[in-house]
Amino acid sequence: MGIDKRHATSNPPMPRGLMDALQEGVLVADSDGRVLDANAAAAIILGLNREELIGGQLDAPVRGATTIDGTPFPREDRPSVIAARTGRPASAVVGLRSETSEPLWLRLSATPVPPADGANDEPGRPAVIMTMVDVTAELLRADELRRSEERFRLTFEDAAIGMAIVSLDGRFLQVNQALVQSLGIPRAELLALTFQEITHPDDIDADLEQVALLLDGTIQGYQMDKRYMRPSGSVIRARLTVSLAHDATGAPLHFISQVEDVTAVRRAQDVLEHRALYDHLTGLANRSLLLDRLNHALAMHARNDKLVAVVFADLDHFKRINDSLGHDAGDRMLRIVADRMRTSVRPGDTVARIGGDEFVVVLEQIDSADQAGELLQRIQTSVELPLQLDGHLLLPAMSAGLTVDDGSGDALRVLRDADTAMYVAKNAGRGRWVAFREEHRRAAIDRLSVQGDLRAAIEHGDFELHYQPVVELASRDVSGYEALVRWHHPERGLVLPDSFIAIADDADLTPELGTWVLREAVSFLARHPGLPGRVYVNVSPRELGRVSLTAEDGTEPRPSGLARLIAQTLEAQGVDPSRLGIEIAEVGVLEATEHTRAELASIARLGVTVLLDDFGTGYSALLSALAAPVAGLKLDRSFTARLGEGGAADRVSSAIAAVVAAVGGYGIAAGLETEEQAAAALAHGWKHGQGWLFGPPLPEGLMTRLDAPHE
Ligand code: C2E
Ligand code: MG
């Protein structure tokens with residue numbers, strides 16, 4: 001007992017009170033490894049009473065301990081063993097397992113106590129102090145950190161998007177495979193570069209701005225779209241996400257950048273965007289880009305003293321090209337016209353296609369309405385150059401409206417006014433341009449109401465035909481009549497065709513109107529079997545070429561469309577085809593295509609005479625115009641009015657009359673008002689004439705000698 005007492009009390013390495021104040025567990029043992037003393041913390045850590053510890057073996061609690069790898073901890077590596085062997089402190093981390101709880105990890109440190117008197121192996125004398133610290137939590141934390149680092153490393157390296165750790169001055173410290181690949185720069189080279197060196201010059205400032213905000217703590221991270229330059233010179237477009245890593249003290253450490261290569265996505269977006277703003281057929285601006293540019297131009301010109309001009313242009317009779325040559329040819333024509341427009345404007349002007357054959361041109365920095373007119377004239381001249389399409393020589397014509405605005409106008413209104421002026425140009429005979437005036441607006445409103453009224457009139461048959469005689473010039477005998485339609489308008493009274501045919505054409509109402517006219521003219525013929533000569537009905541080109549004329553079995557095509565309508569109408573009324581003629585404007589036939597020609601041929605085969613109306617206003621080569629199925633032509637009133645003046649009209653008139661006579665055609669000089677004109681026409685070789693001189697168009701009820709040949 002005395003020994004024990006002596007050991008426990010006479011030679012303590014540390015007073016007990018002091019030992020118990022320590023966080024670490026402390027065991028004191030003699031050279032035999034017998035525990036002489038233990039502090040409170042040691043008892044708690046090892047889960048034993050102090051009494052159970054004292055007197056026991058120092059290494060008893062760590063028997064069965066494991067290393068970090070989970071293998072049994074070798075005896076010779078125990079700190080106490082090493083310390084005893086070397087006389088120097090030693091430490092190690094060991095794991096203590098119990099059946100029930102998680103392993104307990106202790107850092108054991110054994111420190112030899114130097115003998116006071118040289119007798120250091122004396123039993124009962126403190127020879128070693130063993131301290132122990134519970135490092136379980138610390139180890140778990142370290143393990144977690146290691147795992148998360150590993151996770152990061154794997155994520156970083158295997159990420160599908162490019163990632164980089166970038167130093168605060170922009171050097172790439174670490175880059176992943178995806179980044180290497182999308183930048184097309186080998187890893188080693190990339191690690192020698194800064195992000196500034198591979199950023200597109202236009203994007204550097206924006207990037208550096210964000211970096212500054214990130215570094216001064218204003219923002220926690222940023223995302224931006226930017227471009228990088230590849231060594232090949234190509235550009236990659238990326239979505240960059242940058243955050244900042246901090247060290248334990250909160251000081252910035254490095255950037256973590258994610259670089260998502262969105263080149264392909266952006267390219268697809270560009271295509272979509274382009275589609276959203278440009279016409280796919282011609283590559284011109286579309287309606288929304290046009291409005292955007294126009295708004296912009298107006299806003300800009302509101303601040304200077306220049307003007308914005310808007311041209312609204314529409315191709316004349318384009319529908320016929322489509323109907324007859326096919327949409328493919330129509331598309332090609334639109335592309336040609338688009339190119340012509342594009343090359344005839346100045347840089348900075350906008351050319352747009354906003355509908356089938358509707359184009360709008362915005363001319364900026366204009367000094368005067370006159371200058372706008374000159375520029376428009378230049379566009380028109382270039383558009384109207386002849387062009388070849390599938391072996392056909394076409395003469396495109398364009399009608400246009402022009403508005404000029406000082407910038408105070410509203411884009412939609414300016415556009416609408418130009419559109420209105422374009423309609424005025426169409427109605428004035430197409431192939432021309434008109435500058436918008438206020439009164440046109442009124443007319444536009446009228447036109448709309450006329451369209452509505454016309455539909456109703458066609459349903460109700462509120463029309464009447466007047467007949468104007470055609471005479472043999474030499475004898476003045478009536479050789480036929482032209483049927484001219486009139487409209488009984490409920491408010492406006494009798495309306496003449498010039499103020500509604502074009503509108504009916506635009507609204508695609510001419511076929512219905514034509515059907516009414518044809519029926520009425522044929523029943524007129526049926527009512528008057530003794531009428532001298534034919535009745536000529538005017539046919540709008542729109543009524544032709546509406547159906548396919550190709551016979552499926554390769555035989556002669558059967559009449560269809562207008563030809564069939566004519567045949568049926570004549571038959572229903574029992575009228576001989578030789579008593580009917582049709583007049584079709586020269587321009588209609590000029591643009592005619594195989595369809596139209598075939599249809600005219602079918603009509604001619606019925607025995608119905610086909611005449612070219614308003615001859616001289618188009619550009620037809622005379623002889624080809626007179627080729628079958630056309631039987632003759634009417635000289636346009638614009639020439640007749642100037643007959644006898646000895647000018648160009650006389651020369652044209654006599655030339656045309658000579659050719660008509662040479663091919664045995666039927667020629668009528670239309671619009672003869674005076675005896676002088678009639679004499680000139682006769683002298684030029686015209687056999688027939690028509691005009692107020694011989695009688696105005698009259699309704700059936702006012703016509704005389706209807707049933708007896710004129711003497
Ligand atoms: P158009 O075929 O050239 O018809 C001749 C026009 O000249 C008629 O005008 C007639 O009244 C007018 N006219 C006749 N003699 C003289 C004259 O000596 N001097 C003058 N200055 N004019 C004369 P209207 O009836 O107003 O018809 C105008 C145009 O409307 C016609 O021109 C024709 O192209 C079209 N049109 C008339 N009826 C029909 C129809 O039923 N269907 C279609 N599609 N168009 C029609
Ligand atoms: Mg006519």
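Here is a short walk through a few spots in this structure, which is a predicted model.

Let's start with a helix. H10 runs over residues 204–215. Its twelve residues reach 16 Å from the first C-alpha to the last, close to the 16 Å expected at 1.5 Å a residue. Now look at which of its residues are tucked away: Asp207, Val211 and Leu214 are buried in H10. They cover an arc of only 60° around the axis, which puts them on the same side of H10. If that spacing looks familiar, here's the background: an α-helix has 3.6 residues a turn, so residues three or four places apart point the same way. Turn to the other side of H10 and you'll find Asp205 and Glu209, which are exposed.

So what covers the buried residues of H10? The cover includes helix H9 (195–198), along with three strands: E8 (221–229), E9 (235–246) and E10 (252–261). Just past the helix, H10 is followed by Gly217, and the phi of Gly217 is positive, near 85°.

Step back a little along the chain and you reach His200, which sits in the loop between H9 and H10. Is His200 buried or exposed? At 14% relative accessibility, His200 counts as buried, because the cut-off for buried is under 20%. Leaving aside residues up to four places away in sequence, His200 touches Arg227, Tyr228, Met229 and Val235.

Next, hop over to helix H13 (residues 318–325), where you'll find Asn322. This residue is buried too, with a relative accessible area of 16%. Again not counting residues up to four places away in sequence, Asn322 touches His327 and Gly330. For a sense of scale, try picking out Phe172 as well: Asn322 and Phe172 are 150 residues apart along the chain, and their C-alpha atoms are separated by 61 Å.

Finally, let's visit some strands. E23 covers residues 609–615, and six of its seven residues are buried, so this strand is largely enclosed by the rest of the structure. Which strands pair with E23? One of them is E22 (residues 580–585), which pairs with E23 in the parallel sense over five bridges. Here Ala585 stands opposite Asp613 in E23. Another is E24 (residues 632–635), and E23 and E24 also pair in the parallel sense, over three bridges. To find this pairing on screen, look for Phe615, which stands opposite Leu635 in E24.

Terms used:
Residues are numbered from 1 along each chain as its sequence is written. Chains are lettered from A and ligands numbered from 1 in the order in which they are written. This is a predicted model: local features need pLDDT of at least 70, side-chain atom pairs count only at pLDDT 80 or more; totals for chains, interfaces and linings use all residues. Side-chain values use heavy atoms; hydrogens and water are left out. Buried means under 20% relative accessible area, exposed over 50%, partly exposed in between (1.4 Å probe, protein chains only). Helices (H or I, at least four residues) and strands (E, at least two) are DSSP runs, numbered from the N terminus. Two strands pair if DSSP finds at least two bridges between them. The expected span of a helix is 1.5 Å times one less than its number of residues. The arc is that of the directions from the helix axis to the C-beta atoms. Contact means heavy atoms within 4.5 Å.
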